Amino acid sequence: MKRFEVGDLVVIKKHSPIFSLISDPTSFGIIKAGARLLYVHDWETDDVIKEFWAYDVIVEGHTYENVPEETLSKLEGKK
């Protein structure tokens, strides 16, 4: 299931493969392109199928491609 849309603001989690490349750990990113399905895993139990999605994200003016969805969290505004 895709969690983000183009233009969403996201926080990069510490376990993200790009976290160490970011100079300011408080930086946020912008989803640049729609979700890309990287692969589907069939756990062979109870018909559980897991989809793994990735996004292109702009952080600090640089575009990072195929950033795993699990390593991003949506930056929510106050209401």
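**Close-up views of a six-stranded predicted model**

**Figure 1. Glu 44 and a negative surface patch**. Glu 44 counts as exposed, because its relative accessibility is 72% and the cut-off for exposed is over 50%. The model shown here is predicted. Glu 44 sits in the loop that joins β3 (36–42) to β4 (49–59). A negative patch on the surface includes Glu 44. Its other members are Asp 42, Asp 46 and Asp 47.

**Figure 2. Overall fold of the protein**. The protein has six strands and zero helices. Along the sequence, the pattern reads β-β-β-β-β-β. The C-alpha trace spans about 40 × 30 × 20 Å along its principal axes. Of the 79 residues, 28% are buried.

**Figure 3. The largest nonpolar core**. Twelve residues build this core. Among them are Phe 4, Val 10, Ile 12, Ile 18, Ile 22 and Ile 31. Tyr 55, Val 57, Val 59, Tyr 64, Val 67 and Leu 72 complete the set. Which elements give two or more residues to this core? They are β1 (9–12), β4 and β5 (62–68). Strand β4 supplies the largest share, with three residues.

**Figure 4. Salt bridge between Asp 8 and Lys 74**. Four salt bridges are found in the whole structure, and this view shows one of them. The side chains of Asp 8 and Lys 74 meet at 3.7 Å, N to O. The pair links distant parts of the chain, 66 residues apart. Asp 8 lies in the segment before β1, and Lys 74 in strand β6 (residues 72–74). Is Asp 8 buried or exposed? Asp 8 counts as buried, because its relative accessibility is 14% and the cut-off for buried is under 20%. Lys 74 is partly exposed, with a relative accessible area of 40%.

**Figure 5. Salt bridge between Asp 56 and Arg 36**. Here the side chains meet at 3.1 Å, N to O. Asp 56 belongs to strand β4 and Arg 36 to strand β3. The two residues are 20 residues apart, and the pair links distant parts of the chain. Asp 56 is buried, because its relative accessibility is 9%. Arg 36 counts as partly exposed, at 33%.

**Figure 6. Salt bridge between Glu 70 and Lys 50**. The closest N and O atoms of this pair are 3.6 Å apart. Where do the partners lie? Glu 70 is in the loop between β5 and β6, and Lys 50 is in strand β4. The pair therefore ties together parts that are 20 residues apart in sequence. Glu 70 is partly exposed, with a relative accessible area of 24%. Lys 50 is also partly exposed, with 32%.

**Figure 7. Positive phi at Glu 60 and Asn 66**. Most residues other than glycine have a negative phi. Glu 60 is not a glycine, yet its phi is positive, at about 55°. Glu 60 lies in the loop between β4 and β5. With a relative accessible area of 40%, Glu 60 is partly exposed. Asn 66 is not a glycine either, and its positive phi is near 55°. Asn 66 lies in strand β5. At 36% relative accessibility, Asn 66 counts as partly exposed.

Conventions. Residues numbered from 1 in each chain as written. Predicted model: local features only at pLDDT ≥ 70, side-chain atom pairs only at ≥ 80, totals over all residues. Heavy atoms only, no water. Patch = residues over 30% accessible without salt bridge, like charges linked within 9 Å, V, L, I, M, F, W, Y side chains within 5 Å. Areas by Shrake-Rupley, 256 points an atom, 1.4 Å probe, with all protein chains shown as cover. Lys, Arg positive; Asp, Glu negative; His and termini not counted. Charge placed at Lys NZ, Arg CZ, Asp CG, Glu CD. Helix = DSSP H or I, 4+ residues; strand = E, 2+ residues; numbered from the N terminus. Buried < 20%, exposed > 50% of the residue type's maximum accessible area, 1.4 Å probe, protein only. Core = buried A, V, L, I, M, F, W, Y, C linked by side-chain atoms within 4.5 Å.
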